Amino acid sequence: SVEIRLEEVTKRYGNRAEPAVDAVSMTIPAGELVVFVGPSGCGKTTTMKMINRLIEPTSGRILIGGRDASSLNPDELRRSIGYAIQQVGLFPHLTVAENIGVVPGLLGWDKARIRSRTEEMLDLVGLESGEFFGRYPRQLSGGQQQRVGVARALAADPPVLLMDEPFGAVDPITRGNLQDELMRLQAELGKTIVFVTHDFDEAVKLGDRIAVLGNQSKILQYDTPEAILAN
Ligand code: ADP
Ligand code: ADP
């Protein structure tokens with residue numbers, strides 16, 4: 001399992017007076033599922049993107065398994081981190097299966113292995129492989145697209161999962177199943193998971209710990225759900 005550490009991480013967009021994320025330090029312990037809750041605009045997505053190196057911190061340092069994230073090359077990042085977001089961003093000209101297979105393909109997996117892994121991932125997110133394998137994203141509902149997004153994030157079996165409101169459009173029953181799958185991945189495979197949600201009930205259900213964030217991602221509370229509910 002892989003620990004994530006943020007050390008005095010700050011992100012300032014352009015020359016805005018207020019940083020989007022201001023000197024945040026925290027440790028996400030290896031193999032734990034940590035949920036970020038906080039108001040819209042408090043910097044949750046910015047923090048996730050910095051962990052995933054889609055944007056660089058203005059200052060501070062992020063360590064993934066003890067290594068400075070800025071030293072990881074693209075293949076190391078692809079192997080280490082799976083990322084699923086609310087606005088899924090599937091490639092429109094690729095089928096569901098091709099979308100799920102992008103990262104394994106870049107990592108050089110052979111075709112048979114990619115195919116069986118894709119079928120396994122579709123099964124995990126509750127999409128019948130025979131029905132969905134060859135479809136295009138425009139032929140899916142919003143919730144189905146999000147489920148493909150989760151399958152894509154898990155495909156290369158990364159030790160770290162970053163999930164930014166990944167189930168917003170998913171129907172309640174499937175959402176419950178996906179929550180259970182995530183908890184299983186954490187408990188059985190020791191994945192380190194950072195999960196962003198606006199939904200406090202979801203945070204309480206999923207989190208080993210919950211980080212309650214205020215403006216500029218200031219950490220207001222960081223504790224177990226039980227301890228936070230007791231406050
Ligand atoms: P949420 O509140 O659900 O996290 P937002 O609507 O704040 O999402 O942001 C959606 C996307 O738009 C994010 O990827 C974010 O980086 C980008 N974004 C948000 N605010 C701005 C802005 N002022 N300028 C440019 N991009 C922005
Ligand atoms: P959250 O995910 O908690 O809703 P974000 O990380 O999306 O918050 O945004 C944090 C702040 O940074 C907001 O004030 C947002 O408007 C701003 N922001 C986000 N992305 C950009 C961007 N690309 N350019 C400028 N400002 C941005």
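A residue counts as near a molecule if one of its heavy atoms lies within 4 Å of that molecule. By this rule, ligand 2 has Tyr13, Arg16, Ala20, Pro39, Ser40, Gly41, Cys42, Gly43, Lys44, Thr45 and Thr46 around it. The model is a predicted one, where local features need pLDDT of at least 70 and side-chain atom pairs count only at pLDDT 80 or more, while totals for chains, interfaces and linings use all residues. Residues are numbered from 1 along each chain as its sequence is written, chains are lettered from A and ligands numbered from 1 in the order in which they are written, and side-chain values use heavy atoms, with hydrogens and water left out.

Sorted by class, the shell of ligand 2 holds four nonpolar, five polar and two charged residues. For this sorting, Ala, Val, Leu, Ile, Met, Phe, Trp, Tyr, Cys and Pro are nonpolar, Asp, Glu, Lys and Arg are charged, and the others, Gly among them, are polar. Polar contacts come next (pairs of N or O atoms within 3.5 Å). The side chain of Tyr13 has an N or O atom 3.3 Å from a nitrogen atom of ligand 2. Backbone atoms join in too: an N or O atom of Gly41 sits 2.7 Å from a ligand 2 oxygen, and one of Gly43 is 3.0 Å from an oxygen of ligand 2. On its own, ligand 2 has 560 Å² of accessible area, and the protein covers 61% of that; such areas come from the Shrake-Rupley method with a 1.4 Å probe.

Now for ligand 1. Its surroundings are made up of Arg16, Ser40, Thr45, Lys49, Gln86, Gln87 and Glu165, which split into no nonpolar, four polar and three charged residues. Three side chains supply polar atoms to oxygen atoms of this ligand: Ser40 at 2.9 Å, Thr45 at 3.3 Å and Lys49 at 2.8 Å. Of the 560 Å² of accessible area that ligand 1 has on its own, the protein covers 41%.

What about the empty space? Rolling a probe the size of a water molecule over the atoms shows where such space is left. The search runs on a 1 Å grid over the protein atoms alone: a cavity is a set of points where a 1.4 Å probe fits but cannot get out, a pocket is an open set with protein on both sides within 12 Å along at least five of seven lines, and lining residues have an atom within 4 Å of a point. Grid points are joined across faces, edges and corners, and a volume is the space filled by probe spheres set on the points.

The largest pocket has a volume of about 610 Å³. Its lining takes in 23 residues, and the closest to its centre are Asn52, Ile81, Tyr83, Val103 and Arg152. At least two lining residues each come from helix 2 (74–80), strand 6 (81–85), helix 4 (102–106) and helix 7; here helices (H or I, at least four residues) and strands (E, at least two) are DSSP runs, numbered from the N terminus. Strand 6 gives the most, with five residues. By class, this lining has 15 nonpolar, five polar and three charged residues.

The second largest pocket holds about 320 Å³ of space. Among its 18 lining residues, Gly41, Lys44, Thr45, Thr46 and Asp164 are the closest to its centre. Two or more residues of the lining come from helix 1 (44–51) and from strand 6, and helix 1 gives the most, with four. The lining divides into six nonpolar, eight polar and four charged residues. This pocket is the space that ligand 2 takes, a molecule being placed in a pocket if more than half of its atoms lie within 2 Å of the pocket's grid points.

Finally, the whole structure has one cavity of 30 Å³ or more. The largest cavity has a volume of about 40 Å³, and its walls are formed by Leu124, Val150, Leu154, Phe167, Leu178, Glu181, Leu182 and Leu185. Helix 7 (142–154) and helix 8 (172–189) are the elements giving two or more residues to that lining. The largest share, four residues, comes from helix 8. Seven of the lining residues are nonpolar, none is polar and one is charged.

Definitions and conventions:
Polar contact = N/O pair within 3.5 Å; in protein donor to acceptor, adjacent residues only side chain to side chain.
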